[in-house]
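Trainee: Could you take me closely through one part of this model, beginning with a buried loop residue and then following the packing around the rest of the chain?

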Amino acid sequence: MHSPHDPFVRVRGAREHNLRDVDVAIPRDVLAVFTGVSGSGKSSLAFGTIYAEAQRRYFESVAPYARRLIHQVGAPRVGEITGLPPAVSLQQRRSAPTSRSSVGTVTNLSNSLRMLFSRAGDYPEGAGRLDSDAFSPNTAAGACPQCHGLGRVHRTSERLLVPDPSLSIRDGAIAAWPGAWQGKNLRDVLDTLGHDVDIPWRELPQRDRDWILFTDEQPVVTVHPVRDAGRIQRPYQGTYMSARRYVMKTFADSKSPTLRARAERFLESADCPACGGSRLRPEAMAVTFAGRTIADLAALPLSELAKTLESATGSEAARVLAADLLARIATITELGLGYLSPDRATPTLSTGELQRLRLATQLRSGLFGVVYVLDEPSAGLHPADTESLLTVLDRLKAAGNSVFVVEHHLDVVRHADWLVDVGPHAGEHGGQVLHSGPVADLAGVAESATARFLFGREPGPVREARAPRGWLKVGPVSRHNLREVTAEFPLGTFTAVTGVSGSGKSTLIGEISEELEGVGRLVSVDQKPIGRTPRSNLATYTGLFDVVRKVFAATDAARERGYGVGRFSFNVAGGRCETCQGEGFVSVELLFLPSTYAPCPDCAGARYNPETLQVAYQGRNIAEVLDLTVESAADFFADTPAVARSLRTLLDVGLGYLRLGQPATELSGGEAQRIKLAGELQRIRRGHTLYLLDEPTTGLHPADVEVLMRQLHGLVDAGHSVVVVEHDMAVVAGADWVIDLGPGGGEEGGRIVASGPPAVVAGAPGSRTAPYLARAQTTDGTGWSAPTP
């Protein structure tokens with residue numbers, strides 16, 4: 001038994017996910033970093049065990065009724081944990097925040113700004129003081145009644161609805177109309193109403209054109225369809241709906257993303273005419289502070305907002321509230337986010353930016369004696385910004401807290417007081433703690449993949465810079481903070497786009513489209529989830545499961561029973577277990593405790609009914625095959641070429657540890673991106689393809705980065721082009737061409753600071769990337785130069 005003053009958090013018998021009965025002791029009041037290859041079990045230890053247990057203990061102290069209202073994680077699979085303080089988790093959430101969520105609401109800056117205007121604003125003569133809610137677009141008291149506080153309205157116009165006025169209605173002049181029978185019905189209704197559907201659109205009277213496109217009337221008429229040869233069509237009652245009404249209704253109500261996207265092509269978004277995009281009522285917009293409205297201040301980058309507040313004068317209330325705002329802004333700018341404005345919508349932020357905003361909020365909270373568990377806080381950070389992140393982590397520690405960080409960035413790992421290395425490999429080949437102690441002591445752990453990169457990484461082979469087969473011109477681009485920027489991308493090479501956070505990298509590569517000369521086929525591989533439900537998994541996404549089901553349907557046992565391919569799907573009735581509808585688990589409601597998922601009582605998690613499970617292929621049934629890892633499955637299906645090819649590409653991108661039936665909801669963003677890349681690699685490609693990847697190394701251990709880079713360079717060697725937005729200087733140093741944006745973020749960025757081979761950019765004056773790239777350089781920099789524009 002340890003004394004109550006034991007300075008360690010001690011974990012005994014952790015078995016969450018792939019952890020193998022792990023025992024580990026981690027000191028409190030330090031910066032402890034958890035490392036290991038992707039899938040080794042480090043997140044299972046830090047989040048799935050330590051944080052989950054702290055949260056469970058906290059909820060035990062909450063009233064049972066209140067407990068029902070809070071989403072709770074279940075109890076972790078662990079023997080015991082001693083010395084564990086309360087914990088706060090900051091994870092890389094991939095949820096989709098609403099458009100009403102903004103930088104200001106996430107950081108509580110909006111609350112302070114509204115209070116400043118309510119208590120210390122300059123009101124028009126005779127106007128009564130407004131409550132702080134009146135300055136919020138998210139409350140009934142403050143929201144503009146016309147746009148409901150969104151600031152934008154969707155409209156359409158004749159130009160959008162009828163792109164080619166030389167066509168007649170019969171020939172499809174109204175492009176916004178639905179296709180097939182629905183569109184023919186609307187045409188026949190107009191014909192019956194007496195409109196000429198056979199003359200060019202532009203020859204119709206303006207009054208008729210306006211009525212056809214914009215009326216809110218919905219007349220019902222008896223339509224006598226024109227008879228087609230051999231088909232008898234009876235008269236019917238047809239209802240007319242204007243093109244605008246159809247587009248607006250589809251955009252607002254359709255559940256089909258395809259139909260919504262089609263409707264959106266005929267809409268343009270404009271500032272609300274009532275509030276001018278400010279989202280607020282006129283009475284709130286009449287109040288100013290330092291000569292500006294609240295919408296003006298919310299639109300300023302935080303660094304500019306701070307300057308405005310510093311120079312403002314006024315009452316004691318104004319001074320106190322401005323000081324509070326300045327203190328909040330200081331922690332955010334310290335994390336390299338001074339280019340964001342309070343009104344920037346949260347969905348437009350990267351997961352790294354969002355997590356750092358939450359980190360800044362925690363710094364202000366002044367908590368003492370808690371464990372902060374952070375998930376890769378350096379994700380999406382330029383090396384120049386990582387230094388300020390380390391300062392913030394040190395401040396959290398200095399305030400009397402323990403900081404536990406899951407991290408791959410070697411600068412953060414070197415900065416740690418204590419290192420927990422999990423491995424040696426991924427999945428079932430990992431789950432062991434290889435080292436728990438000071439960073440320097442990891443050097444003696446031979447089986448650690450982290451040690452190889454942390455201590456004297458051997459330089460990679462020097463690769464000849466590839467000569468371009470042509471050039472892709474993008475721009476001039478004026479979007480977000482880019483102003484008339486034109487970039488030249490070499491084709492047939494590996495290009496890295498670099499720059500500090502907010503410099504305009506993602507905006508620039510977002511302008512690359514298949515319409516541009518030289519692109520050919522365009523493939524964008526992002527980190528969005530491959531599916532939103534547990535029914536979507538690795539095997540279904542890659543198309544692997546279709547082949548596996550055909551293999552089972554072709555067995556003698558399946559043929560004798562008359563089972564087709566559908567029998568082996570867990571998504572349709574027939575072969576699946578009907579108790580759990582093919583989910584493999586059932587939800588158990590425990591009234592005052594968190595709902596828990598238990599294996600299905602009938603199929604015990606197998607997803608299929610007993611009859612289906614009687615069919616075996618090489619001694620395994622379909623459920624046992626779904627439970628195989630990619631690595632095991634590659635051996636099992638070695639004689640089935642179609643399956644083996646898919647599995648080989650998954651192994652090539654370093655995903656051998658994942659199970660075939662692993663639900664999409666359990667995959668990280670980095671894993672999802674590599675599954676998409678594997679899906680692309682297994683396709684037979686004809687002609688040139690341009691691959692776009694936005695920060696592909698996020699969430700990857702340096703050992704996994706090596707595996708991924710082998711694949712990407714292999715694509716270039718096969719004659720394709722690869723463009724990556726990247727912060728990992730080892731990856732940038734291995735590129736053929738670098739385009740560096742900056743020099744800063746937001747308004748201080750948005751232009752190309754340097755472009756050329758890595759060695760040239762490494763020596764570029766005024767580039768914040770250059771010194772870090774120079775440190776990572778291993779080649780002599782011989783290469784080629786860009787064309788003169």
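Mentor: Let us begin with Q662, which sits in the loop between helix 25 (641-652) and helix 26 (669-681), where helices (H or I, at least four residues) and strands (E, at least two) are DSSP runs numbered from the N terminus. The model is predicted, so local features need pLDDT of at least 70 and side-chain atom pairs count only at pLDDT 80 or more, while totals for chains, interfaces and linings use all residues. Residues are numbered from 1 along each chain as its sequence is written, and side-chain values use heavy atoms, with hydrogens and water left out.

Q662 is buried, with a relative accessible area of 12%; buried means under 20% relative accessible area, exposed over 50% and partly exposed in between, with a 1.4 Å probe and protein chains only. Once residues up to four places away in sequence are set aside, Q662 touches S536, N537, L538 and L667, a contact being heavy atoms within 4.5 Å. A second glutamine to compare is Q777, found in the segment after helix 30 (770-776) and likewise buried, with a relative accessible area of 18%. Beyond its neighbours within four places in sequence, Q777 is in contact with A733, P758, A759 and A762.

From these polar residues we can turn to the nonpolar interior. The largest nonpolar core (buried Ala, Val, Leu, Ile, Met, Phe, Trp, Tyr and Cys joined through side-chain atoms within 4.5 Å) has 141 residues, and those with the most contacts inside it are L359, F494, F637 and L712. Helix 27 (residues 702-717) gives the most to this core, with seven residues. F494 shows what such a position looks like in detail: apart from residues up to four places away in sequence, F494 touches R466, M709, L712, H713, V716, V722, V724, V731, A735, D736 and W737.

V731, one of the partners of F494, also gives a long-range reference point, for its C-alpha atom is separated by 48 Å from that of K249, 482 residues apart along the chain. K249 has its place in helix 8 and is partly exposed, with a relative accessible area of 44%. Leaving aside neighbours within four places in sequence, K249 is in contact with M241 and S254.

That brings us to helix pairs. Helix 8 (residues 243-253) and helix 9 (residues 257-264) pack at an angle of about 140°, with their axes 8 Å apart; axes are lines fitted to C-alpha atoms, for helices over the stretch in contact, and angles run from 0 to 180 degrees between N-to-C directions. This makes helix 8 oblique to helix 9, since angles under 35 degrees count as roughly parallel, over 145 as roughly antiparallel, 65 to 115 as roughly perpendicular and the rest as oblique. Helix 8 passes helix 9 in a left-handed crossing, that is, the near helix is turned anticlockwise from the far one by less than a right angle, clockwise being right-handed. The contact is made by Y246, V247, T250, F251 and A252 of helix 8 and by L259, R260, R262, A263 and E264 of helix 9. By class, these residues divide into six nonpolar, one polar and three charged, with Ala, Val, Leu, Ile, Met, Phe, Trp, Tyr, Cys and Pro counted as nonpolar, Asp, Glu, Lys and Arg as charged, and the others, Gly among them, as polar.

For helix 12 (residues 302-311) and helix 13 (residues 316-334), the axes come within 10 Å and cross at roughly 155°, which makes helix 12 roughly antiparallel to helix 13. Helix 12 passes helix 13 in a left-handed crossing, and the contact is made by L302, S303, L305, A306, L309 and E310 of helix 12 with A322, L325, L326, I329, I332 and T333 of helix 13. This contact has nine nonpolar, two polar and one charged residues.

Finally, some backbone details in loops deserve a look. The peptide bond from G423 to P424 is cis, with omega near 0°, and P424 is found in the loop between strand 12 (418-423) and strand 13 (432-437). A cis peptide bond also joins G742 and P743, with omega about 0°, and P743 lies in the loop between strand 22 (737-742) and strand 23 (751-756). A290, in the loop between helix 10 (282-285) and helix 11 (294-298), has a phi near 55°, a positive value in a residue other than glycine, and is partly exposed, with a relative accessible area of 43%.
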